[in-house]
Structure formats: structure tokens, C-alpha cells
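User: Please take a close look at the pockets of this protein and at the salt bridges around them. I would like one connected account, with the cut-offs behind each term.

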Amino acid sequence: MRTDPGPLSLNTVTVKERWGLAECIEGCARHGIPGISPWRDVLQAMGVEQAARRIRDAGLRVTGLCRGGLFTAADAAGRAAAIEDNRRAIAEAHAIGTRCLVMVCGGLPPGSKDLPGARAMVADGLAAILPEARAAGVTLALEPLHPMTCADRSVLSTLGQALDLCDALGEGTGVAVDVYHVWWDPDLARQMARAAGRIAGFHTCDWLVPTTDTVFDRGLPGDGVIDIPAIRAMAEAAGWPGGAEVEILSRRWWAQDPDEVLPLLKERHAAVC
């Protein structure tokens, strides 16, 4: 097991209110953060080709692209549009040199209560784009989200569900493990072992007590109740190659100066992760 925290990667959503992608790239270089994981909005705002060039020139490792998925829709036209958008996301991931497209698969379609039907849409959507992902060498990293988001963000609520889909779909699929979404799971240790060789992404942050917003009140690692070192040890035992992303969705931290936030991320990564 590692005695050092390994490489750190900045997920750009952590500083989304103050920095675009250009500032994130420059900030990582300035603060000695070797990795970056862009969200598609900032990537597209810069332009994919220019972003790929700037990231390469800065010597940054791209640990993932956020996000694909969102397959669930009320009609066939909406589902087809989602599939086409995911094909574009695969091409973007390939262009910026990452092997991991993080998949937030979608919640219930508007007005629907058909949870099995929504999960079938997710499986069908993944199967539709998998040939392109395999051809591009991009892993579809299924990210289970906390059950509180099942209605509006993701009908994949556990690591076990995500791995079941990986088993069914085969080559080209994997999982993204975000400690915020999986820490509560009583079956986590068994499922992390089952994920051996399939952990394509590992995201860190913390669950605050009390939590004032279940989406936008994440804490810095060490500020909450998640045993991040224990989950990281499970990931390493499962063959995860390293490159932890700090991904903080927090209105509090979005309001801070990113040049003050990034040193804190490095400090917490070294001390906690």
C-alpha cells in the first residue's frame, strides 16, 4: 500500500464559479497539481482542440471527462438525442487524452414513476454507445450516485448496480467511485473487491454534518464523516492505478478565491487522502 497520497487531480467543478478551463489549467501548473478532470461545459467553452493543446502543453494528466449519460427521457426523440450527445462526449474524451468518460446515467423521466423502465433506458443507451467507446479507447465509467438523487440525477444508486451493468455490457465499461455517493453502503467492501480492475475514476470530498444541501454542500476531505483512507485502501487493493480527483460541489467553496482553495486541496489530499 502507498505511503504517499499519490497524484492529485483537480475536477474543474470545484472552482466553477470563479475559473474557466484556461484558469484551471494555469492554476494546476502554478500550484503543482499534476492532473485535471474537466467538465464538458468548460471544455466546450474553450474549444476541444484548443483545450487539448493547452492541457498537453501544461503537462497535465487528464483523469476523466465529466460527464456523459443522462439517457433517460420521456420520448424516443429525447433518448436518441442523448445517445448522440454521448457519442460527442466520447469523441471529446478521446481528443483530450483521457481514457475515462464519467457517466451520470439519468433519473426518472419527467412525470414518470417507472424506475425499472428508466434503468432499462440506461442499459440500452450504454449499449448503443459502447462500440464508439471501445473504438476510441475510452472507458464508460459508471458513477453510482447516492439514492437521494435517484429521481432526478441517477437511477444507479449503488456500486453493485453499476458493476451488474458492467458485467452485462463487458469490455469498455468500468466504474467511477465517488466517496460522497458510496460511503454509506453496507455492502461497499464486497463491491469494491468485486470492482477489481474496473475502477476508472476515484473522487474525493466529504459529507458534512449537518449537511445544508444534499448536492451543493460537500466538504473538503477531512471536514466530514467519510473514512476516505479506508475507501482509498479498498480501491488500491482492487488495482486502482491512482490519480484521485478532488471534486467539491459547494456554494461555500465556489465563492472563495481558487488560488486559496487549491493549496488547501493539496494539503487535505496529503493529510487525508
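Analyst: What follows goes through the pockets, then the cavity, and then the salt bridges.

This is a predicted model, in which local features need pLDDT of at least 70 and side-chain atom pairs count only at pLDDT 80 or more, while totals for chains, interfaces and linings use all residues. Residues are numbered from 1 along each chain as its sequence is written, and side-chain values use heavy atoms, with hydrogens and water left out.

The largest pocket holds about 360 Å³ of space. Of the 23 residues in its lining, Cys100, Ile199, Ala200, Gly201 and Pro241 are the closest to the centre. A pocket here is an open set of points on a 1 Å grid over the protein atoms alone, with protein on both sides within 12 Å along at least five of seven lines, and a lining residue has an atom within 4 Å of a point; a cavity is a set of points where a 1.4 Å probe fits but cannot get out. Points are joined across faces, edges and corners, and the volume is the space filled by probe spheres set on them. Strands β3 (61-62), β7 and β8 each give at least two residues to the lining of the largest pocket, and β8 provides the largest share, with 4 residues. Helices (H or I, at least four residues) and strands (E, at least two) are DSSP runs numbered from the N terminus. By class, this lining has 8 nonpolar, 11 polar and 4 charged residues, where Ala, Val, Leu, Ile, Met, Phe, Trp, Tyr, Cys and Pro count as nonpolar, Asp, Glu, Lys and Arg as charged, and the others, Gly among them, as polar.

The second largest pocket has a volume of about 280 Å³. Its lining also has 23 residues, of which Trp39, Arg67, Arg153, Arg218 and Leu249 are the closest to the centre. Two or more lining residues come from each of β4 (65-69), β5 (100-104) and α7 (179-182). The lining of the second largest pocket divides into 12 nonpolar, 3 polar and 8 charged residues.

Trp39 also helps to line the largest cavity, together with Thr12, Val13, Lys16, Asp41 and Val42. That cavity has a volume of about 30 Å³, and a search of the whole structure finds 1 cavity of 30 Å³ or more.

Arg218, from the second largest pocket, forms a salt bridge with Asp178 at 3.0 Å, N to O. Arg218 lies in the loop between β8 and α9 and Asp178 in strand β7 (residues 173-178), so the pair ties together parts that are 40 residues apart in sequence. A salt bridge means a side-chain nitrogen of Lys or Arg within 4 Å of a carboxyl oxygen of Asp or Glu, and the count by this rule comes to 17. Arg218 is buried at 5% relative accessible area, and Asp178 is buried at 0%; buried means under 20%, exposed over 50% and partly exposed in between, with a 1.4 Å probe and protein chains only.

Elsewhere, Arg194 and Asp167 form a salt bridge whose closest N and O atoms are 2.8 Å apart. Arg194 lies in helix α8 (residues 188-194) and Asp167 in helix α6 (residues 159-169), so this pair ties together parts that are 27 residues apart in sequence. Arg194 is partly exposed at 27%, and Asp167 is partly exposed at 44%.
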